[in-house]
Amino acid sequence: MLMASVILQQPELVTGQARVPAMFVLGDSLVDVGNNNFLASIARANYLPYGIDLNFRPTGRFSNGLNFVDLLAQLLGISSPPPFADPTTTGNRILGGVNYASAAAGILDESGQHYGERYSLSQQVVNLETTLSQLRTMMSPQNFTNYLAKSLVVLVFGSNDYINNYLMPNLYSSSFRYRPPDFANLLLSQYAPQLLTLYSLGLRKIFIPGVGPLGCIPNQRATGVAPPDRCVDGVNQILGTFNQGLRSIVDQLNQRSPGAIYVYGNTYGAVGDILNNPAAYGFRVVDRACCGVGRNRGQITCLPTQTPCPDRSQYVFWDAFHPTQTALSILVRRAFYGPPTDAYPVNVQQMTLLH
């Protein structure tokens with residue numbers, strides 16, 4: 001496993017040389033850094049053992065430690081952007097970017113609504129426009145244009161449109177109204193215009209990971225639909241249209257957006273590789289959460305003050321829905337350094353070098 005050895009080298013220390021002036025993050029709980037702490041939501045991670053490996057500091061990150069964008073920020077040589085909903089995220093604090101991600105958020109406004117308040121994709125784009133209006137007053141027009149062109153935007157959406165909408169027929173009617181390919185196309189038809197909006201706002205470097213193999217997360221394994229040691233293949237199969245469509249949208253956007261680079265992150269393939277070859281990456285447990293309750297520790301997610309597994313680095317999944325920091329660090333390195341099968345048409349490191 002050459003790939004594993006390349007990726008498991010020690011992460012570089014941040015050496016003051018920032019690759020981008022700012023990072024703007026839109027998405028769901030995979031990249032939420034505490035926005036939902038400020039919203040009337042039950043989708044929160046503001047309690048231990050969340051943050052147990054972040055100096056025992058639960059911050060609202062759905063991880064035992066850092067999440068995907070925190071780790072990406074380290075490779076970029078910048079600070080992880082603060083949450084938009086935090087009242088202190090103003091003035092100079094917004095110069096390095098802002099994180100708008102909100103747990104339970106989806107591409108569709110309705111996805112995840114049973115959790116209460118959240119910033120959906122459309123609201124996050126509105127919030128981003130608010131920040132950009134503030135930034136515009138803080139620099140000259142030419143500097144502002146250059147700043148936007150060099151900044152990185154990361155969007156992580158789609159999981160909740162399945163887990164907290166399509167795959168919940170008792171709460172949402174989407175699975176009765178749409179066959180899987182039609183539902184995927186509905187999501188893409190709402191996603192694509194927002195990706196184009198980013199270009200019209202002046203942003204030029206846009207990284208869009210697809211959806212991972214949701215049929216393999218402890219929450220889906222816990223349904224008991226599949227044999228104990230298997231992922232729920234039926235769930236994984238319905239994601240293909242969405243991921244392939246998103247990759248195709250990236251091609252179309254790159255053709256019609258001069259000066260911009262849109263990049264598709266193959267989360268499905270990267271997570272699948274880890275699950276298929278866990279030992280090559282140093283993992284021992286792939287089928288159950290480190291922290292959670294019930295079958296596969298995935299029927300109820302990690303509860304306040306629950307005692308998690310002692311060795312998080314052995315587990316791919318931290319809770320019913322989210323990977324461990326160790327698994328995320330592998331995914332981040334693949335997005336940053338990987339070949340076109342991981343990040344297409346270029347990786348994140350290459351996109352930061354393009355002007």
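Modeller: An axis here is a line fitted to C-alpha atoms, for a helix over the stretch in contact, and an angle between two axes runs from 0 to 180 degrees between N-to-C directions. One caution before we use this: the model is predicted.

Colleague: What are the angle and the distance between the axes of H3 and H4?

Modeller: The two helices pack at an angle of about 140 degrees, and their axes are 10 Å apart.

Colleague: Why are H3 and H4 called oblique to each other?

Modeller: Angles under 35 degrees count as roughly parallel, over 145 as roughly antiparallel, and 65 to 115 as roughly perpendicular. The angle of about 140 degrees falls in none of these ranges, so the pair is oblique. On the H3 side the contact is made by Leu-132, Leu-135 and Arg-136, and on the H4 side by Phe-144, Tyr-147 and Leu-148.

Colleague: How do you know that the buried residues of H4 line one face of the helix?

Modeller: Helix H4 covers residues 141-150, and its buried residues are Phe-144, Tyr-147 and Leu-148. Looking down the axis of H4, they fall within an arc of 95 degrees, and so they line one face. Residues three or four places apart in an α-helix point the same way, because there are 3.6 residues a turn. The buried residues of H4 pack against E1 and H3.

Colleague: Where does H3 lie with respect to the strands?

Modeller: H3, residues 121-136, lies across E1 and E2, and it runs at about 160 degrees to E1.

Colleague: Why is Thr-131 called buried?

Modeller: Thr-131 is found in helix H3. The cut-off for buried is under 20% relative accessible area. Thr-131 has 1%, so it counts as buried. It touches Phe-24, Phe-84, Ile-94, Val-98 and Tyr-100, leaving aside residues up to four places away in sequence.

Colleague: Which residue would show the opposite case, and why is Thr-341 called exposed?

Modeller: Thr-341 lies in the loop between helix H12 and E7. Exposed means over 50%; Thr-341 has 57% relative accessibility, so it counts as exposed. Its C-alpha atom is separated by 14 Å from that of Leu-246, a residue 95 places away along the chain.

Colleague: Phe-317 also lies in a loop, between strand E6 and H12. Why is Phe-317 called buried or exposed?

Modeller: Phe-317 has 3% relative accessibility, and it is therefore counted as buried, the cut-off being under 20%. Among the residues it touches are Cys-216, Leu-275, Val-286, Arg-288 and His-322. The C-alpha atoms of Phe-317 and Asn-64 are separated by 9.9 Å, although the two residues are 253 apart along the chain.

Colleague: What makes E1 and E7 the edges of the sheet?

Modeller: The sheet is open and has five strands in the order E1-E2-E3-E4-E7, with mixed pairing. E1 and E7 each have a single partner strand, so one side of each is left without a neighbour in the sheet.

Colleague: How do you know that the pairing is mixed?

Modeller: Strands of a sheet pair through backbone hydrogen bonds, either parallel or antiparallel. E1 and E2 pair in the parallel sense over five bridges, with Gly-27 opposite Val-156 in E2. E3 and E4 also run parallel, joined by five bridges, and Ile-206 stands opposite Tyr-262 in E4. E4 and E7, however, pair in the antiparallel sense over two bridges; there Gly-265 has Ala-343 as its bridge partner in E7. Both senses occur, hence the mixed pairing.

Colleague: What makes E4 mostly covered?

Modeller: Five of its five residues are buried. Ile-261, Val-263 and Gly-265 point one way from E4, while Tyr-262 and Tyr-264 point the other way.

Colleague: Why is helix H5 called largely enclosed?

Modeller: Eight of the eight residues of H5 are buried, so the rest of the structure largely encloses the helix. These buried residues, including Tyr-162 and Ile-163, pack against H6, H7, H8 and H10.

Colleague: Where is the pLDDT below 50?

Modeller: The protein averages a pLDDT of 95, and 95% of the residues score at least 70. Over residues 1-15, though, the pLDDT is below 50; this stretch has 26 contacts in the model beyond near neighbours in sequence. Where pLDDT is low, the predicted coordinates should not be read in detail.

How values were computed
Residues are numbered from 1 along each chain as its sequence is written. This is a predicted model: local features need pLDDT of at least 70, side-chain atom pairs count only at pLDDT 80 or more; totals for chains, interfaces and linings use all residues. Side-chain values use heavy atoms; hydrogens and water are left out. Two strands pair if DSSP finds at least two bridges between them. Helices (H or I, at least four residues) and strands (E, at least two) are DSSP runs, numbered from the N terminus. Contact means heavy atoms within 4.5 Å. pLDDT is the predictor's confidence in each residue, from 0 to 100. Buried means under 20% relative accessible area, exposed over 50%, partly exposed in between (1.4 Å probe, protein chains only). The arc is that of the directions from the helix axis to the C-beta atoms.
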